[in-house]
Amino acid sequence: MRQHSSATVSASDAISSPRSRLWWGLLGVLAFSFTVPFTRVAVAGLSPLFIGSGRAVVAALLAALALVLTRQRLPHGTQWLRLAVVAAGVVVGFPLLTSLALTTASASHGAVVIALLPAATAVMAVLRTGERPGRPFWIAAALGAIVAVAFAALQGGGFGGLSWHDLLLFGAVLAAAVGYAEGGLLARELGAWQTISWALVVASPLMLALTGFAVAQQLPSATQAQWAAFGYLAVVSMFLGFFAWYRGLEIGPMAQVSQVQLVQPVFTLVWAAMLLREPVGWLTALGALAVIACAALAVRTRTRRTSTSRTSARHSSTHRSSTHRTPVSLPERQS
């Protein structure tokens, strides 16, 4: 009876989970796709340090309120250290680095470089979970990194002209990938929105200090549009968007859900053209397609390998259970 019940649950999960995890992931990606254009709007009137830290302070206030009102239990043990890793990646690293980079880089340029994020997330998930994908996965991931670097260098006038904003964007990709992978695993223990909420609380002392320093250096003064962009970054990009994104990663597998990120640079390029009137030339479009293709190949390679591994493990488990039942049934017949 237990085996039948387990099979029923597995069949139900197989029908519902693929759709739900991809829809949750797509909702998160849609929320994040406005981050680069709105950061570009905000940095025109606010300092990058204020944007990167201030948005986290606002989000931390919302997170603390949600945690208190719902009476969430405190994390324990190593969960605090893992939350610090998530905070370092998605609360501190990515917002600050992208804010600094987008003071000089265009939104469309940033979108193409950040298109490397799906493959980077898959790599971090592999390293974090200890899985062993094959050589095609690593080749595709490395090729994506090379294409992204080449694109950035060409737009900078050659490899000697690789700009600081490109290095900052690559650092932002690495930080986000670490935060996504660790946060996706931690969401299975704490919950999706609880993970980003606790991470914001953990980072709040540092971000509050940085915000105070930014205000002391330059008193914030911006237009209504720039404050509205900052508000979106704080409430949606830094908080609500992670509700959906970490929910998708929580259902998992993370590498499969991260495929949804492949549409994010496309969305961002559209928003950059519509909201900022940035020209999206053929070189930018070609660079985006090349990076997306490499990332898709890397993630799909890993997904197929994961599915194969699960099938092999299931067959191995069935074989072991059948061999264990054989010596038990023979004595019963003899008695």
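**Exercise 1. The second largest cavity**

Task: In this predicted model, determine how the residues lining the second largest cavity divide into nonpolar, polar and charged.

Solution.
- Step 1. List the lining: Ala111, Ile114, Ala115, Leu117, Pro118, Gln261, Gln264 and Pro265.
- Step 2. Assign these residues to elements: α5 (107-114), α6 (117-129) and α12 (264-275) each give two or more residues to the lining.
- Step 3. Sort by class. Ala, Ile, Leu and Pro count as nonpolar, and the division is six nonpolar, two polar and no charged.
- Step 4. Add the volume: this cavity holds about 40 Å³ of space.

**Exercise 2. The largest cavity**

Task: State the volume of the largest cavity and which elements each supply at least two residues of its lining.

Solution.
- Step 1. Searching the whole structure gives two cavities of 30 Å³ or more.
- Step 2. The volume of the largest is about 130 Å³.
- Step 3. Its lining has 15 residues, and Phe32, Thr35, Phe94, Tyr180 and Ser237 lie nearest the centre.
- Step 4. At least two lining residues come from each of α2 (35-42), α4 (79-101), α8 (164-190) and α10.
- Step 5. By class, the lining comprises eleven nonpolar, three polar and one charged residues.

**Exercise 3. Helix α10**

Task: Compare the expected span of helix α10 with the distance between its end C-alpha atoms, then locate its bend.

Solution.
- Step 1. Helix α10 covers residues 224-251, which is 28 residues.
- Step 2. At 1.5 Å a residue, the helix should span 40 Å.
- Step 3. The end C-alpha atoms are 39 Å apart, so the two values agree.
- Step 4. The helix bends by about 50° at Phe242.

**Exercise 4. The nonpolar cores**

Task: Identify the residues of the largest nonpolar core that touch the most other members.

Solution.
- Step 1. The largest nonpolar core has 59 residues.
- Step 2. Those touching the most other members are Val90, Val91, Tyr180, Leu200, Met207, Phe242 and Tyr246.
- Step 3. Helix α8 contributes the largest share of this core, eleven residues.
- Step 4. Another core, of 15 residues, lies apart from it and includes Ala31, Phe50, Ala229 and Phe230.
- Step 5. Cross-check with the earlier exercises: Tyr180 is also among the residues nearest the centre of the largest cavity, and Phe242 is where α10 bends.

**Exercise 5. The backbone at Arg71**

Task: Is Arg71 buried or exposed, and what is its phi?

Solution.
- Step 1. Place the residue: Arg71 is in the loop between α3 (48-69) and α4.
- Step 2. Recall the usual case: most residues other than glycine have a negative phi.
- Step 3. Arg71 is not a glycine, yet its phi is positive, about 55°.
- Step 4. Exposed means over 50% relative accessible area; Arg71 has 76%, so it is exposed.

Terms used: Residues numbered from 1 in each chain as written. Predicted model: local features only at pLDDT ≥ 70, side-chain atom pairs only at ≥ 80, totals over all residues. Heavy atoms only, no water. Helix = DSSP H or I, 4+ residues; strand = E, 2+ residues; numbered from the N terminus. Expected span 1.5 Å × (residues − 1). Bend = angle between axes of the 7 residues up to and from the residue. 1 Å grid on protein atoms, 1.4 Å probe; cavity = no way out; pocket = protein on both sides within 12 Å on 5 of 7 lines; lining within 4 Å. Points joined across faces, edges and corners; volume = space filled by probe spheres on them. Core = buried A, V, L, I, M, F, W, Y, C linked by side-chain atoms within 4.5 Å. Buried < 20%, exposed > 50% of the residue type's maximum accessible area, 1.4 Å probe, protein only.
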